[in-house]
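Got your viewer open? Let's take a short tour of the hollows in this model, one selection at a time.

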Amino acid sequence: MPELLPHPLTGQPFASPVPPGTGWPDDPAVAGTPVAHDADDVRRLAARATLDELDARVSVCSACPRLVAWREDVAHTKRASFADQPYWGRPIAGWGDPEAAILVVGLAPAANGGNRTGRIFTGDRSGDWLFAAMHRVGLAAQTTSEHAGDGQALIDARMVATVRCAPPDNRPTTEERNTCSPWIEREVTLLAPSVRVVLALGGYGWDATLRSFKAAGYDVPRPKPKFGHGAETTIADDVTLIGCFHPSQQNTFTGRLTEEMTDTVLRRAMVLAQSGA
Ligand code: SF4
């Protein structure tokens with residue numbers, strides 16, 4: 001029997017789903033879900049996982065000691081404004097259509113966003129910006145993404161984080177990034193048959209996409225194409241990678257990223273996806 005982490009809400013091993021009405025995602029892990037304790041485990045457990053197995057295994061991963069300590073510490077101490085709420089405090093699996101044409105690749109969950117709600121870009125300001133834009137162009141069912149029970153849904157799109165645990169200062173180390181990379185590499189492989197466009201949020205997502213597709217055995221351009229807002233390149237023969245400035249408050253408050261700029265790249269992604277580009 002593998003060692004299981006206590007569920008942050010119930011304190012029990014992952015033997016039962018999250019209680020209904022909490023607004024959390026259904027727990028993808030069950031009592032027998034294997035737990036990765038180091039980089040070798042991650043490689044081994046990601047290698048032939050189905051998408052459901054991947055989601056479950058990611059959600060209980062424990063391979064990066066610093067990030068495990070951080071995500072659980074944040075979940076325990078909580079931001080004052082969320083003091084009455086349970087925190088997920090675990091890694092965040094990919095979310096959305098398992099046969100999506102558009103894949104959105106971000107950096108990592110926010111400490112009081114995804115790490116609290118259990119869903120990527122959910123419950124933080126970056127997500128507010130992103131989901132409002134995705135709704136405007138028809139890629140999200142609602143304008144907001146507040147918690148996993150809010151009725152939000154992605155339309156022909158899926159979102160993944162490059163690093164699946166919230167890192168201190170939003171900065172994973174290179175070792176942590178490398179340890180986590182088999183998860184996204186496997187996800188890219190599983191999604192490749194349907195994905196026509198990858199929207200990379202920020203240079204980190206851009207680099208991670210190129211690295212992941214290359215590691216998964218797909219052709220990527222050389223030399224490495226430069227990231228920029230609206231930059232495009234072709235990967236894996238028929239997938240277009242599009243760059244988008246990250247919707248962080250640092251970018252949206254300063255006007256570096258405007259609503260119009262965001263909508264423009266999202267609409268471009270939709271045109272390419274619908275044309276089978
Ligand atoms: S960052 Fe990735 S590899 Fe590290 S503990 Fe989280 S899910 Fe596991």
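Start with the second largest pocket, which has a volume of about 320 Å³ in this predicted model. Select P25, D26, A93, G94 and W95: of the 17 residues that line this pocket, these are the closest to its centre. Now add α2 (51-59) and β1 (95-96), since each supplies at least two residues of that lining. Try colouring by class, and you'll get 9 nonpolar, 4 polar and 4 charged residues in the lining of the second largest pocket.

Next stop: the largest pocket, with a volume of about 900 Å³. Which residues should you click to land by its centre? Go for A110, S126, N170, H246 and S248, the closest to the centre out of 36 lining residues. Then highlight α5 (125-137), α7 (202-215) and α8 (249-252), each of which gives at least two residues to the lining of the largest pocket. Colour this lining too: 15 of its residues are nonpolar, 12 polar and 9 charged.

Last, select the ligand. Where does the ligand sit? You'll find it in the largest cavity. Show what surrounds the ligand, and you'll see C61, A63, C64, L67, R71 and P91, along with V163, R164, C165, T179, C180 and W183. Two helices to pick out here are α3 (65-77) and α6 (174-191), each supplying at least two residues of the shell around the ligand. The largest share, 3 residues, comes from α6. By class, the shell around the ligand splits into 9 nonpolar, 1 polar and 2 charged residues.

Notes: Residues are numbered from 1 along each chain as its sequence is written. This is a predicted model: local features need pLDDT of at least 70, side-chain atom pairs count only at pLDDT 80 or more; totals for chains, interfaces and linings use all residues. Side-chain values use heavy atoms; hydrogens and water are left out. On a 1 Å grid over the protein atoms alone, a cavity is a set of points where a 1.4 Å probe fits but cannot get out, and a pocket is an open set with protein on both sides within 12 Å along at least five of seven lines; lining residues have an atom within 4 Å of a point. Grid points are joined across faces, edges and corners, and a volume is the space filled by probe spheres set on the points. Helices (H or I, at least four residues) and strands (E, at least two) are DSSP runs, numbered from the N terminus. Ala, Val, Leu, Ile, Met, Phe, Trp, Tyr, Cys and Pro count as nonpolar, Asp, Glu, Lys and Arg as charged, and the others, Gly among them, as polar. A residue is near a molecule or strand if one of its heavy atoms lies within 4 Å of it. A molecule sits in a cavity or pocket if more than half of its atoms lie within 2 Å of its grid points.
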